[in-house]
Amino acid sequence: MLDTDAEELEIRDFIRTLKARHGYDFAQYAPASFKRRLRALRVRSGAASIAALSRRVTDEPAFLRQVLAGLSVPVSEMFRDPWVFETLRREVLPILASYPRIHIWQAGCAHGEEVYSLAILLQEEGLYDKSQIFATDLNDVALEEAAEGIYPASNARLFSENYQRAGGRHSLSDYFHARYERIKFDESLKRNVTFASHNLSTDGVFAEVQLILCRNVLIYFNDTLQNRVLQLFRDSLVHKGFLCLGSKETLAHTTVERDFDTFDQSARLYRRHALR
Amino acid sequence: MRSAKTAAPRVVVIGASVGGLEALKQVLGALPADYPWPVIVLLHTSAGYRGTRLDTLLAQRCALPVREAEARRPLEAGVVHIAPAGYHLLVEQDLRFSLSVDEKVSYVRPSADVLFESLAEAVGVGAVGVILTGANDDGAAGLAAIRARGGLAIVQDPEEAQAPQMPQAALRMAGADQVLSLEAIGARLAALPGESA
């Protein structure tokens, strides 16, 4: 028997432990990248084996935060895929402008890069004051960091380039202060943002919104979980609401394919039908 | 237990970086239209094709259909699957692709190490790993993972490679079953399915 077979068993046991003890279900994550994250977490936390991680997560409840942070943090950037934000600005926000109040759900917000990107878009289009952004993630550590809006200064150049390519009307540096190798975004950008813990694997609808952004989250899920989450999104959207997915994500081959029209293929923007 | 050697699905995976576009055209150009195995190709964006569609560029020189790999879609026999720019590409045990935007590995995303390691775990002895020209060390650890599980490792002769570092790193860390010229790699990949039938 190869070591890898023994490891498979330890991974399955770890997933069971996390679910039984803490209610977090990673069984429906795509296994290959989950395994890579779990191995990295094992190395970072100094555990001798995945089995040792399982014991620690059982014996030491405070360790859970670190585990969730290690298993769920996608790396993002502001205005990632700038054409998507350009399309949101040019095509979607003018439609949302007709609503008296705009509600947006950023699902899987991680460190908040896209939350601030969205806030800046709304601000520049004169819609921020009537908007509410719900930014959710299952990872409390990431949510706290998202709420702080602090990023390494080494990212500023990439963020600025993306912002300009997304049709930015000013300079991105107008929105942050640079200090000690860090940039911190203006507090005012989050005055209409609610950061909240929400687990797409287990939690339900919590708001009715006109736009959902969930980018590069579904790629980590298997078919079953992806369909569950997409149904949740469908049920959270108003009639003719928008869903924006990651650049390599699609509604093709999913159970909600017929509930949406493609609004802009390259931006992965879909629009909910009327109920049939 | 893993399945017996004859039962393992065979998959060819090719990693390349600087100089890789021309090298890939030559290698893929040698494969016949009825090639019976899936082929996965990973070319670093630093190789300079950014902004151009790699599948289009390669399809001109290849008898097989060339398509970008998509999350959750199955590997297909006789199709050249291309790793999309900006995402790690992985192969799952059920021989479907998955994508991730996790941290760069070996300073790159997509990383050949990530792809090769996942394929090694998915098909074991069925993996055929190929490292071509490139100016970094990506793919060496992945090729070692393929060899550790009994898969086949082919490395482009560094003497011939436009950028020798990637083949050299692979030979240093993983070694190889064969070190060949591009022309010979194409011929070897084309001949392999007939030999294992």
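**Exercise 1. What area does chain B expose, and what share of it do carbon and sulfur atoms supply?**

This is a predicted model, in which local features need pLDDT of at least 70 and side-chain atom pairs count only at pLDDT 80 or more, while totals for chains, interfaces and linings use all residues. Residues are numbered from 1 along each chain as its sequence is written, chains are lettered from A and ligands numbered from 1 in the order in which they are written, and side-chain values use heavy atoms, with hydrogens and water left out.

Solution. Chain B exposes about 7,600 Å², of which carbon and sulfur atoms supply 50%; accessible areas come from the Shrake-Rupley method with a 1.4 Å probe, and for residues only the protein chains shown count as cover.

**Exercise 2. Describe the build of chain B.**

Solution. Begin with the secondary structure, which in chain B comes to six helices and nine strands (DSSP runs numbered from the N terminus, helices being H or I of at least four residues and strands E of at least two). The radius of gyration of chain B, taken over C-alpha atoms, is 15 Å, close to the 16 Å that the globule rule gives for 197 residues, so chain B is as compact as a globular protein of that length; the rule is 2.2 Å times the number of residues to the power 0.38. Along its principal axes, the C-alpha trace of chain B spans about 40 × 35 × 35 Å. Finally, 58% of the 197 residues of chain B count as buried, where buried means under 20% relative accessible area, exposed over 50% and partly exposed in between, with a 1.4 Å probe and protein chains only.

**Exercise 3. Locate the largest nonpolar core and say what contributes to it.**

Solution. A nonpolar core is a set of buried Ala, Val, Leu, Ile, Met, Phe, Trp, Tyr and Cys residues joined through side-chain atoms within 4.5 Å. The largest one has 77 residues, of which A:L200, A:F233 and A:L243 touch the most other members. Helix α3 (residues 112-123) of chain B gives the most to this core, with seven residues. Domain 1 (3-72) and domain 2 (82-272) of chain A both give residues to this core, so it lies between them; the domain bounds come from an automatic or database domain assignment.

Next, take A:L243 by itself: leaving aside its neighbours within four places in sequence, A:L243 is in contact (heavy atoms within 4.5 Å) with residues including A:I212, A:F233, A:F260 and A:Y270. Apart from the largest core lies another, of 41 residues, among them A:V92, A:L127, A:F159 and A:L213.

**Exercise 4. Which salt bridges join chain A to chain B, and which one links distant parts of chain A?**

Solution. A salt bridge is a side-chain nitrogen of Lys or Arg within 4 Å of a carboxyl oxygen of Asp or Glu, and by this rule the count comes to 31 over all chains.

- A:R36 and B:E117 meet at 2.8 Å, N to O; A:R36 lies in helix α2 (residues 31-44) of chain A and B:E117 in helix α3 of chain B, so the pair joins two chains.
- A:K248 and B:E68 have their closest N and O atoms 2.7 Å apart; A:K248 lies in the loop between β8 (237-245) and β9 (260-264) of chain A and B:E68 in strand β3 (residues 66-68) of chain B, so this pair also joins two chains.
- A:E124 and A:R89 meet at 3.1 Å, N to O; A:E124 is in helix α6 (residues 113-124) and A:R89 in helix α5 (residues 82-96) of chain A, 35 residues apart.

As a last step, compare burial: A:R36 counts as partly exposed at 24% relative accessibility, whereas A:R89 counts as buried at 7%.
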